[in-house]
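Dear colleague,

I am handing over the structure below, and I would be glad if you kept it open while reading the notes that follow it.

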Amino acid sequence: MKRKAEAMGATHSSVSSAAGPSFSLSQEDLFSAPLEILEEIFLNLPSHQVVKVCRLVCHQWKEVADSESLWKERCRREGNRLRDASKIPKDWRLFYFLCKKRRNLLQNPKAENQFKNWQILENGGDNWKVEGVMVPHPNETIQKNFVTSYGMCRKSQLIDLKVEGYNPSFMDHFQPNIKVSDWYAPRRDCGCKYEICVELLNQRKKVVRTFAPEAVYFEQWTDPIWNQMIHVFQNYGPGVRYVRFTHGGKDTQFWAGWYGIRVTDSCVEICPAIDT
């Protein structure tokens, strides 16, 4: 078959005829298409295929797959909108994927499954307990909270970022913002104490960065409204592989039962720098 093809004056990469000279078809020629058509095709493909497959085909496909216009349009079509229109992402592709993957990395943060997924570090007094909220939460879907007792109560979760889909090279190169938040509220009839500590850990689970503000104290007869604690880790350097979230507290009047701080809707998320 090879000799027959050669006798006809053609191979897999060239075409010739008696009417004209032979010419070669490069990879660029085979996959060439108007850029706007390529972009529309890529917009209708799964995003991971565009990055892992399409951009490797040829220079033209890579140019389209890496273009700002492609990822900006993809964000628009999928509803990944900027919270502040005056802040424009430096990298629309990074913004897209961070928005797509953004979620609460803590499990069972709203006490819907009792203490599942939480490690109880301290269980003082009459121990931790799950109750219905005493006053409405700003998020009406939240109907339960964890409540502490008269001895110190602390619980924790360890988040493995690689398991959650954030591989080491991504974390080291981009160092995306890590946003943590927690809701807490006192009872009106008893004073209480609230504590939180969030640590970024390396592969050996050694601390890289820590957020540990001073404890918050509530006096007796304080209005039992919900308060939110928020912190954003930025520019924390390479090596972060885990996040350890710990919080808790107690009542300050040593009353039997569950008169201590209430906590719920805790959150740890990886998010775009301009969207925190």
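Ser149 sits in the loop that runs between strand 5 (144–147) and strand 6 (153–160), and I should say at once that everything here comes from a predicted model. Because its relative accessibility is 0%, Ser149 counts as buried, although its place is in a loop. Its side chain carries a polar atom that lies 2.6 Å from the backbone oxygen of Gly257. Leaving aside neighbours within four places in sequence, Ser149 is in contact with Gly124, Gly125, Asp126 and Asn127, and also with Lys250, Asp251, Gly257, Trp258 and Gly260. With one of these residues, Lys250, the separation between C-alpha atoms is 5.3 Å, even though Ser149 and Lys250 are 101 residues apart along the chain.

Contacts of that kind can be set beside the figures for the chain, in which, among contacts between residues at least 6 apart in sequence, 75% join residues at least 24 apart. The chain has eight helices and 13 strands, and buried residues make up 41% of its 276 residues.

Two further buried positions belong to strands and touch each other. Thr264, in strand 13 (residues 262–271), is counted as buried because its relative accessible area is 0%. The side chain of Thr264 reaches the backbone oxygen of Lys144 at 3.0 Å, and, not counting residues up to four places away in sequence, Thr264 touches Pro109, Lys110, His137, Ile142, Lys144, Asn145, Asp182, Trp183 and Trp226.

Asp182, which appears in that list, is located in strand 7 (residues 177–185). What is the nearest side chain of opposite charge to Asp182, and how far away is it? It is Lys155, at 6.9 Å, and Asp182 is therefore without a salt bridge although it is buried, since a salt bridge requires a side-chain nitrogen of Lys or Arg within 4 Å of a carboxyl oxygen. The side chain of Asp182 does, however, make polar contacts with two other side chains, that of Tyr194 at 2.7 Å and that of Ser266 at 2.6 Å. Both Tyr194 and Ser266 are also among the residues that Asp182 touches, once those up to four places away in sequence are set aside, and the others in that list are Ile196, Asn227, Gln228, Met229, Phe245, His247, Val263 and Thr264.

Turning to the helices, helix 6 (residues 68–78) has as its buried residues Leu70, Trp71, Glu73, Arg74 and Cys75, a set that includes the charged side chains of Glu73 and Arg74. These buried residues pack against four other helices, namely helix 3 (35–43), helix 4 (47–52), helix 5 (59–65) and helix 7 (92–101). After helix 6 comes Gly79, whose phi is positive, near 80°.

Two of those packing partners, helix 4 and helix 7, return in the largest pocket, where helix 4, helix 7 and helix 8 (168–174) each supply at least two residues of the lining. The largest share, five residues, comes from helix 7. About 480 Å³ of space lies in this pocket, and of the 16 residues that line it, those nearest its centre are Val51, Phe97, Asn167, Phe170 and Phe174.

With best regards

How values were computed. Residues numbered from 1 in each chain as written. Predicted model: local features only at pLDDT ≥ 70, side-chain atom pairs only at ≥ 80, totals over all residues. Heavy atoms only, no water. Buried < 20%, exposed > 50% of the residue type's maximum accessible area, 1.4 Å probe, protein only. Contact = heavy atoms within 4.5 Å. Polar contact = N/O pair within 3.5 Å; in protein donor to acceptor, adjacent residues only side chain to side chain. 1 Å grid on protein atoms, 1.4 Å probe; cavity = no way out; pocket = protein on both sides within 12 Å on 5 of 7 lines; lining within 4 Å. Points joined across faces, edges and corners; volume = space filled by probe spheres on them.
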